[in-house]
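Subject: Structure handover

Hello,

Here is the structure you are taking over. Please open it first and then read the notes that follow it.

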Amino acid sequence: MAYNEQLAERIEQILKEKNIVYYTKKMFGGLCIMVDDKMCLGIIKEELMARIGPDAYPEALQKEYCKEMNFTGRSMKGYVYIEPDGLDMDEELDYWIQKCLDFNPFAKASKKSTKK
């Protein structure tokens with residue numbers, strides 16, 4: 001198991017309750033949830049990866065169980081990891097999902113591959 005499948009089910013349930021159109025992609029050895037063809041959030045092992053944007057980033061880092069995302073050895077502003085203890089309650093998970101959904105309209109989509 002490369003990512004927490006129970007967490008994935010919880011996320012999908014919340015997105016369905018919010019009537020959000022999404023799809024999933026396996027990326028980074030984990031699962032990425034795409035909204036409007038943009039990376040919105042994901043799961044890496046047991047942690048939630050949240051794309052919350054640079055404006056929400058400093059405040060988010062003040063929250064317990066939230067830490068900077070440094071997937072490549074340097075921090076990625078606008079992305080955070082939330083440790084499993086910060087996701088125990090559905091309200092906590094919903095908070096982070098909503099942060100990601102709030103930023104999604106402002107996020108840039110990745111360039112499409114031009115493979116032939």
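I start with the buried side of one helix. In this predicted model, the residues of α1 that are buried are Leu-7, Ala-8, Ile-11, Ile-14 and Leu-15. Viewed down the axis of α1, these buried residues fall within an arc of 130°, so they line one face of the helix. This fits the general rule that an α-helix has 3.6 residues a turn, so residues three or four places apart point the same way.

The buried residues of α1 are covered by several elements, including β2 (30–35), β3 (38–44), β4 (47–51) and α3 (90–103). On the other side of α1, the exposed residues are Gln-6, Glu-9, Lys-16 and Glu-17.

As for its dimensions, α1 runs over residues 5–17, which makes 13 residues. From its first C-alpha to its last, α1 reaches 18 Å, close to the 18 Å expected at 1.5 Å a residue.

Next, the two ends of the helix. Asn-4 sits in the segment before α1 and caps the N-terminal end of this helix. The cap rests on a side-chain oxygen of Asn-4 that lies 2.9 Å from the backbone nitrogen of Gln-6. The side chain of Asn-4 also reaches the backbone nitrogen of Leu-7, at 2.8 Å. Is Asn-4 buried or exposed? Its relative accessible area is 15%, and buried means under 20%, so Asn-4 counts as buried. Leaving aside residues up to four places away in sequence, Asn-4 touches Ile-43, Lys-45 and Glu-46. Just after α1, Asn-19 takes a positive phi of about 55°.

The last item is empty space inside the model. Rolling a probe the size of a water molecule over the atoms shows where empty space is left. How many cavities of 30 Å³ or more are there? The count comes to one, and the largest cavity holds about 30 Å³ of space. Its lining is made up of Met-27, Phe-28, Gly-30, Leu-31, Cys-32, Gly-42, Ile-43, Ile-44 and Met-49. The elements that give two or more residues to this lining are β2 and β3.

Two of these findings share some elements: β2 and β3 are among those that cover the buried residues of α1, and β2 and β3 also contribute to the cavity lining. Ile-43 likewise appears twice, as a residue touched by Asn-4 and as one of the lining residues of the largest cavity.

Regards

Definitions and conventions:
Residues are numbered from 1 along each chain as its sequence is written. This is a predicted model: local features need pLDDT of at least 70, side-chain atom pairs count only at pLDDT 80 or more; totals for chains, interfaces and linings use all residues. Side-chain values use heavy atoms; hydrogens and water are left out. Helices (H or I, at least four residues) and strands (E, at least two) are DSSP runs, numbered from the N terminus. The expected span of a helix is 1.5 Å times one less than its number of residues. Buried means under 20% relative accessible area, exposed over 50%, partly exposed in between (1.4 Å probe, protein chains only). The arc is that of the directions from the helix axis to the C-beta atoms. Contact means heavy atoms within 4.5 Å. A polar contact is a pair of N or O atoms within 3.5 Å; within protein, one must be able to donate a hydrogen and the other to accept it, and residues adjacent in sequence count only if both atoms are side-chain atoms. On a 1 Å grid over the protein atoms alone, a cavity is a set of points where a 1.4 Å probe fits but cannot get out, and a pocket is an open set with protein on both sides within 12 Å along at least five of seven lines; lining residues have an atom within 4 Å of a point. Grid points are joined across faces, edges and corners, and a volume is the space filled by probe spheres set on the points.
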